[in-house]
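Here is a short tour of one protein model, written for someone who likes to know the cut-offs behind each statement. Keep the viewer open while you read.

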Amino acid sequence: MSSSIKQPNAITCKAAVAWGAGEAMVMQEVEVSPPHPQEIRIKVVTTSLCRSDLSALDSHAIFPRIFGHEASGIVESIGKGVTEFQEGDHVLTVFTGECKTCRQCMSGKSNMCQVLGLERRGVMHSDQGTRFSINGKPVYHYCAVSSFSEYTVVHTGCAVKVSSAAPLEKICLLSCGLAAGLGAAWNVADISKGSTVVIFGLGTVGLSVAQGARIRGASQIIGVDTNPEKCDKAKDFGITEFINPNDCNEPIQQVIKRITDGGADYSFECIGDTGMITTALQSCCDGWGLTVTLGVPKVKPEVTAHYGLFLSGRTLKGSLFGGWKPKSDLPSLVDMYMNKEIQIDEFITHNLPFEEINKAFELMREGKCLRCVIHMPK
Ligand SMILES: [Zn+2]
Ligand SMILES: [Zn+2]
């Protein structure tokens, strides 16, 4: 039967190719191979820019490379053995996959898939090869997603089928940052009603934590950011008090302890500064204070904190992608959006055509956007 199935050909299309650290990407033609077994080729519809694309562009040594990991699209063709997807299915890509068979996937306790986890070497999980090339030379992937291309190939475990009724240009935000914040609030911290929450860093992830805290009924949601422009926007997502540490005459943890009667129930580090983790722990209360770390540090990955902070009952917790098992859990977040139970549209501050992708990077570098959605040509 399989012999009668038409084998897809390679596609030549436009991609934004990164050639060097910190350099503008070059819009050029790349060849996208057909999907291998258990892979699908996707026509990308929209892709939003996440901070880790920018951090990776600025620091990584693997070039040439196609970045992009927060995306939505439509299945263009399927590889051998694929039964879960068919041409025309609407999908979200995910940077950390779910194989559904490894110890972690089977545990019910974790989303740290051992087979399709975060890919750091710029290749596909299955064969350590690339699906992109220019004149026969490989172009590397990013997180095995690489959505800054009109077409991309992903493993079936790194794509999530979603309702075709959901607007792809909005729900692409659930592919990374927005889901990560909600998951940190709901799965990792499990915020309870009436509790006090402090969030360090009010980008998309931090504001998504705020949204999650508000939905859980937190009574006080304190946002901390050194950018005064974040204040107004923050209130839209549930922040009840905005504090700019530069306006304070005392250490920020003292301010928080004072206004929360001894420390918050939960604190979230969404900046990616390991030095702030101590401050976040100090801002929590004795006994049950919980600090969740979400930021990815650009420098100094080691965490140092006085043991007394733990002796007095605090907990420090980490997670990737808010603890969501992407394939099992993302469709329910899409449903919540369709039922108006979570906000997505308000995070989209800019929309740009694909050709202007470098402008999106500039907006993020300057701290001028929450999410910039990049629209592929129709
Ligand atoms: Zn991301
Ligand atoms: Zn797995």
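Which domains does the domain assignment of the protein give? The answer is domain 1 (2–175 + 344–375) and domain 2 (180–319), with bounds that come from an automatic or database domain assignment.

A word on conventions before going further. This is a predicted model, in which local features need pLDDT of at least 70 and side-chain atom pairs count only at pLDDT 80 or more, while totals for chains, interfaces and linings use all residues. Residues are numbered from 1 along each chain as its sequence is written, and chains are lettered from A and ligands numbered from 1 in the order in which they are written.

**Two domains**

Taken over C-alpha atoms, the centres of domain 1 and domain 2 are separated by 30 Å. Across the boundary, 9 residues of domain 1 are in contact with 7 residues of domain 2, where contact means that two C-beta atoms, placed from the backbone, lie within 7 Å. Helix H1 (residues 51–59) supplies 4 residues, the largest share of the side of domain 1 that touches domain 2. Helices here (H or I, at least four residues) and strands (E, at least two) are DSSP runs, numbered from the N terminus.

The UniProt record, an unreviewed entry, carries two domain annotations, shown below. Their positions are given in the numbering used here, feature names are shortened, and annotations may be inferred rather than shown by experiment.

| UniProt annotation | Residues | End C-alpha distance | Helix | Strand |
|---|---|---|---|---|
| Alcohol dehydrogenase-like N-terminal | 37–162 | 22 Å | 11% | 29% |
| Alcohol dehydrogenase-like C-terminal | 205–336 | 18 Å | 37% | 15% |

**The nonpolar core**

The largest nonpolar core holds 112 residues, and Ala179, Val197 and Ile199 have the most contacts inside it. Helix H4 (residues 177–188) gives the most to this core, with 7 residues. At least three residues come from each of domain 1 (2–175 + 344–375) and domain 2 (180–319). Such a core is a set of buried Ala, Val, Leu, Ile, Met, Phe, Trp, Tyr and Cys residues joined through C-beta atoms within 7 Å. A residue is buried if 20 or more other C-beta atoms lie within 10 Å of its own, exposed if 12 or fewer, and partly exposed in between. In soluble globular proteins, nonpolar side chains tend to be buried together.

Leaving aside neighbours within four places in sequence, the contacts of Val197 include Ile191, Ala213, Ala218, Ile222, Ala264 and Tyr266.

**Three helices and their cover**

Helix H8 (residues 275–282) is mostly covered, with 6 of its 8 residues buried. Those buried residues pack against several elements, among them strand E10 (196–200), helix H7 (252–259) and strand E14 (290–293).

Helix H10 (residues 326–338) has 13 residues and should span 18 Å at 1.5 Å a residue, which agrees with the 18 Å between its end C-alpha atoms; the expected span is 1.5 Å times one less than the number of residues. Pro326, Lys327, Leu330, Leu333 and Val334 are buried in H10. They lie on the same side of H10, because they cover an arc of only 115° around the axis, the arc being that of the directions from the helix axis to the C-beta atoms. Their cover includes strand E5 (90–93), strand E9 (159–161), helix H3 (168–171) and H4. After H10 comes Lys340, with a positive phi near 60°.

In helix H11 (residues 357–365), the buried residues are Ile357, Ala360, Phe361 and Met364. Their arc of only 100° around the axis puts them on the same side of H11. Strand E1 (11–17), H1, strand E16 (348–353) and strand E17 (371–375) are included in what covers them. Gly367 follows H11, and its phi is positive, near 65°.

**Two single residues**

Is His155 buried or exposed? His155, in strand E8 (residues 151–155), counts as buried because it has 24 C-beta neighbours inside 10 Å. His155 and Glu39 are 116 residues apart in sequence, yet 4.2 Å apart in space, C-alpha to C-alpha.

Ser219 lies in the loop between helix H5 (204–215) and strand E11 (220–224). Ser219 is exposed, with 12 other C-beta atoms within 10 Å. Not counting neighbours within four places in sequence, Ser219 is in contact with Gly194, Ser195 and Thr196.
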